[in-house]
Amino acid sequence: MSEWSPSPHELERRRLRRQLRTRSVLIATVMTVVAFVVLTLGITGSPGWASVKEYFFSRDDAREALPAIWDAIWLNIKMFLVAEVFILIFAMLIAMARVSRSPWLVPLRLVAVVYTDVVRGIPTILLVYLLAFGMPALRLGGLPTSAFFWATVALIISYSAYVAEVFRSGIESVHPSQWASAEALGLSRGQCLRHVVIPQAVRRVVPPLLNDFVSLQKDTALASAAGVFEAVFVARDYGNYNFNYTPLVVVACFFIVLTVPLARATDWLSAKYRRRELAGVL
Amino acid sequence: MSELLTVSNLRKSYGERVVLDDVSLTVQQHDVICLIGSSGSGKSTLLRCLNLLEDIDDGIITFDGREISDPRVDAREVRSRIGMVFQAYNLFPHLSVLDNCTLAPRRVHGVRRADAEARALSLLEKFGLADHDAQHPDRLSGGQQQRAALVRALCTSPTLLLLDEITAALDPELVGEVLAIVRAEAEAGMTMVIATHEMAFARDVATSVCFLDQGRILEQGPPAEIFSNPREERTREFLRRVLPD
């Protein structure tokens, strides 16, 4: 390309654009600061703030409860990581069963429909109770009896139903022309799903999927209902002995710290796909 | 005759790739400017720059006597007076044809629903879509969709119409019905800038034809001159390839 240098007019325009950009940054900063100041004043100015601060934001209690929470939170993380893998697999299988068209698979489809309808209707905490107390009570030889195990299974059962519906909505959002062009290439319906439709569907449902996983991370706390000594249980235990609920706030902070990186990572991933696939359109 | 749109020394690049290089163009009121040239020559990008859909890297665009390439200009105000039709129709699939056509008049121009619908219906009828106003776009043929997209652009009574290869996705039989509308608009005095591969149409309708090559306007003139006696060898080569015999 021939060498080109911006005209004076263009330089002036760039200066203007910079100026406008600076202005937006300024507005954003001022608005943010104002919002936070108002919020802080509103809360700390309330009549009961002193006692709330003592019960929920006590530095000493936070420090004292931290080691126990730190140990217990690993149980939540373990439960979440194990459950997530199984949920992704089961949910995808259920979603695939629901969109299948083969007459051979009709019973499977029926099971999938009933499963999602029934399981989604049951509060997760009831599933935790049912499995964690009911399964060991059956006294079947060979089955584990640990509450941790059965609470995890309850989460898997419950969330598979939700996530399956997320996957299904993703699959159905792929335009029918994609099915048509894949089938026109001679791909079987299964191959269409596997190579063409599902890859597109999964990308679309990443944000709602993340939603469900953040929710799952928090619902690992339901295991406390079955007596699993996880972080929320530990915090509540501390509160009951010391009449101070600061540890619950500490646990909340732990959960936030766990979910934020995941959210940023998925944002980055979807932005990358968008840039790659829509490069010519925008 | 007065100048409606002027482009001077326009430059647009995506990173290292220069898409438009030193492009200058003047559009008088009632002009029909046809942009021709092979794919990737910059026709579409030029139209998108005119509509402020792209930030330019140098040069000046004026519209109605005012510089619109100034960052302080309200792009929405400019666009509300310019109509644009795209190659892929870009109708909104969740709205009926009529709602597609009345969206901008009602939401941007503040026209009352009844008035907006009356105007849309009369235009739809004029362009042979009278029975399709309640249907959703995906129910229509490509030609019908593109005619609906034209009606959508015309509903706001724009001062300038930008058409970006609007027949490129249509089969030859349907091209005619879309071009008939454009021709009618040209005869009614609409000012248009048209990127097109339809050489016969350009020859008939254009007041001026620009041949773009690698982001530059290589040659510009009345259609008779460009098509029968092009000055540049590159233009001759292009026309030899796209014109029969």
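**Exercise 1. How many residues does helix α10 of chain A have, and what does it reach from its first C-alpha to its last?**

Keep in mind that this is a predicted model.

Step 1. Find the helix: α10 of chain A runs over residues 231-242, which makes twelve residues.

Step 2. Check the span. From first C-alpha to last, α10(A) reaches 16 Å, close to the 16 Å expected at 1.5 Å a residue.

Step 3. Look at the two ends. At the start of α10(A), A:Glu230 brings a side-chain oxygen to within 3.1 Å of the backbone nitrogen of A:Val232. After the helix comes A:Phe243, with a positive phi near 55°.

**Exercise 2. Work out which residues of α10(A) are buried, and what they pack against.**

Step 1. Pick out the buried residues: A:Ala231, A:Val232, A:Val234, A:Ala235, A:Tyr238 and A:Gly239.

Step 2. Place them around the axis. They sit on the same side of α10(A), because the arc they cover is only 160°.

Step 3. Recall the helix geometry. With 3.6 residues a turn in an α-helix, residues three or four places apart point the same way.

Step 4. Find the partners. In chain A, α3 (59-99) and α11 (246-277) are what the buried residues of α10(A) pack against.

**Exercise 3. Is B:Gln145 buried or exposed? Do the same for B:Asn51.**

Step 1. Start with B:Gln145, which has its place in helix α5 (residues 142-154) of chain B. Its relative accessibility is 11%, and the cut-off for buried is under 20%, so B:Gln145 counts as buried.

Step 2. See what surrounds it. Not counting residues up to four places away in sequence, B:Gln145 touches B:Tyr89, B:Leu91, B:Pro137, B:Asp138 and B:Leu140.

Step 3. Now take B:Asn51, found in the loop between α1 (43-50) and β4 (58-63) of chain B. Its relative accessibility is 5%, so B:Asn51 counts as buried too.

Step 4. List its contacts. With neighbours within four places in sequence left aside, these are B:Arg79, B:Ile82, B:Met84 and B:Leu162.

**Exercise 4. Track down the largest cavity and say which residues line it.**

Step 1. Count first: the structure holds one cavity of 30 Å³ or more.

Step 2. Get the volume, which is about 40 Å³ for the largest cavity.

Step 3. Name the lining: B:Leu163, B:Glu165, B:Ile166, B:Thr167, B:Leu179, B:Val182, B:Ile194, B:Ala195, B:Thr196 and B:Phe201.

Step 4. Tie the lining to the fold. Two elements of chain B, α6 (172-187) and β8 (191-195), each supply at least two of the lining residues.

Notes
Residues are numbered from 1 along each chain as its sequence is written. Chains are lettered from A and ligands numbered from 1 in the order in which they are written. This is a predicted model: local features need pLDDT of at least 70, side-chain atom pairs count only at pLDDT 80 or more; totals for chains, interfaces and linings use all residues. Side-chain values use heavy atoms; hydrogens and water are left out. Helices (H or I, at least four residues) and strands (E, at least two) are DSSP runs, numbered from the N terminus. The expected span of a helix is 1.5 Å times one less than its number of residues. Buried means under 20% relative accessible area, exposed over 50%, partly exposed in between (1.4 Å probe, protein chains only). The arc is that of the directions from the helix axis to the C-beta atoms. Contact means heavy atoms within 4.5 Å. A polar contact is a pair of N or O atoms within 3.5 Å; within protein, one must be able to donate a hydrogen and the other to accept it, and residues adjacent in sequence count only if both atoms are side-chain atoms. On a 1 Å grid over the protein atoms alone, a cavity is a set of points where a 1.4 Å probe fits but cannot get out, and a pocket is an open set with protein on both sides within 12 Å along at least five of seven lines; lining residues have an atom within 4 Å of a point. Grid points are joined across faces, edges and corners, and a volume is the space filled by probe spheres set on the points.
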